[in-house]
Amino acid sequence: MTSIKNLVSAELSEPVDARVAEMAAAIAAQYDAAARAVLFYGSCLRERQLEGLMLDFYLIVSSYPEAYGKSWLAPANRLIPPNVFPFAHQGLTAKYAVLSEEDFRRECGPEAKTVSVWARFAQPSRLAWSADAAARQRAIDSVALAAPTLLSLARPMVEGESDPLSVWRRGFSLTYRSELRAERKDRSASIVDSDPERYRRFAGAAEARPVPRTEAERAWRRLRRRGKRASVLRLGKASFTFAGGIDYLAWKINRHAGTEIRIKPWQRRWPLLAAFTLLPRLLKRGAIR
């Protein structure tokens, strides 16, 4: 049987659009020797569409001091990971999140504090750039932890269900509840339905650890508490690291939740205050969950 590492290695190695590869290299170039790998993931990869959308990347660095020097961004990245920045290259726009190699490995596995990383990398991704063979292998080893982590916690929540796709759907549904997300309720199912054979292969190869139902329920409750809190903290931090972040937030919510949020001039001048004043209204209206 094919191992999960072999599946991940093959998937990460699949070619990407030349513009994606160029953008990944340009992101890495900003960080010189600190850059180790750039991973491309998300809806643009899944839907194979680049124009008019914001591409999603993770930049993996050797360490935060090496990436930022003495800037306040280093402790911010360590205390409230990840830092998120906007980026534009040759007519395309993107955002990229920054994690150290150590933090990326931890957040892909069962020791993760939130679902944020392993929920994303249990889905398809591509290694769009790497510094060397060692960096590539470390990225593969880390991403290979993501699917088993999700499946270990999701399987006890679908007792009596043998279809692996049902486990995946339940798992993604639970991860969406563990963050402040703007996506529609059926979003988690559509992820699996976009490539069911891929998810069957990964379920067959993943060696998920056995977790009792009661332990899984406690873990999901803990992840929901941490995830909601972390989402709010990241939102506040992004108002400092992400120029135009409040407009991006509105665009993303409108796109996924079908709302018509309009950002006012004062909200652009005071994005942190705007974000926190918008949050209760969005939660009440169900635009984010």
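**Note on the pockets and nonpolar core of a predicted model**

1. In this predicted model, 24 residues form the lining of the largest pocket, and those that lie nearest its centre are E14, L45, R48, P124 and R126. Three elements, namely α1 (4-13), α3 (43-47) and α12 (196-205), each give two or more residues to that lining.

2. The space in the largest pocket comes to about 480 Å³. By residue class, the lining of the largest pocket is made up of 11 nonpolar, 4 polar and 9 charged residues, a division worth keeping in view when the pocket is inspected.

3. The second largest pocket holds about 310 Å³ of space. It is lined by 18 residues, and L79, P81, K113, T114 and A230 are the closest to its centre. The elements that supply two or more residues to this lining are α5 (73-79), α6 (101-108), α7 (116-121) and α13 (213-241), and the largest share, 5 residues, comes from α13.

4. As for residue classes in the second largest pocket, its lining divides into 8 nonpolar, 2 polar and 8 charged residues.

5. Turning from the pockets to the interior, the largest nonpolar core contains 82 residues, and the members that touch the most others are Y31, L55, F57, W118, F121 and W168. For F121, once neighbours within four places in sequence are left aside, the residues in contact are L39, Y41, Y58, F104, C108, V143 and A146.

Technical notes. Residues are numbered from 1 along each chain as its sequence is written. This is a predicted model: local features need pLDDT of at least 70, side-chain atom pairs count only at pLDDT 80 or more; totals for chains, interfaces and linings use all residues. Side-chain values use heavy atoms; hydrogens and water are left out. On a 1 Å grid over the protein atoms alone, a cavity is a set of points where a 1.4 Å probe fits but cannot get out, and a pocket is an open set with protein on both sides within 12 Å along at least five of seven lines; lining residues have an atom within 4 Å of a point. Grid points are joined across faces, edges and corners, and a volume is the space filled by probe spheres set on the points. Helices (H or I, at least four residues) and strands (E, at least two) are DSSP runs, numbered from the N terminus. Ala, Val, Leu, Ile, Met, Phe, Trp, Tyr, Cys and Pro count as nonpolar, Asp, Glu, Lys and Arg as charged, and the others, Gly among them, as polar. A nonpolar core is a set of buried Ala, Val, Leu, Ile, Met, Phe, Trp, Tyr and Cys residues joined through side-chain atoms within 4.5 Å. Buried means under 20% relative accessible area, exposed over 50%, partly exposed in between (1.4 Å probe, protein chains only). Contact means heavy atoms within 4.5 Å.
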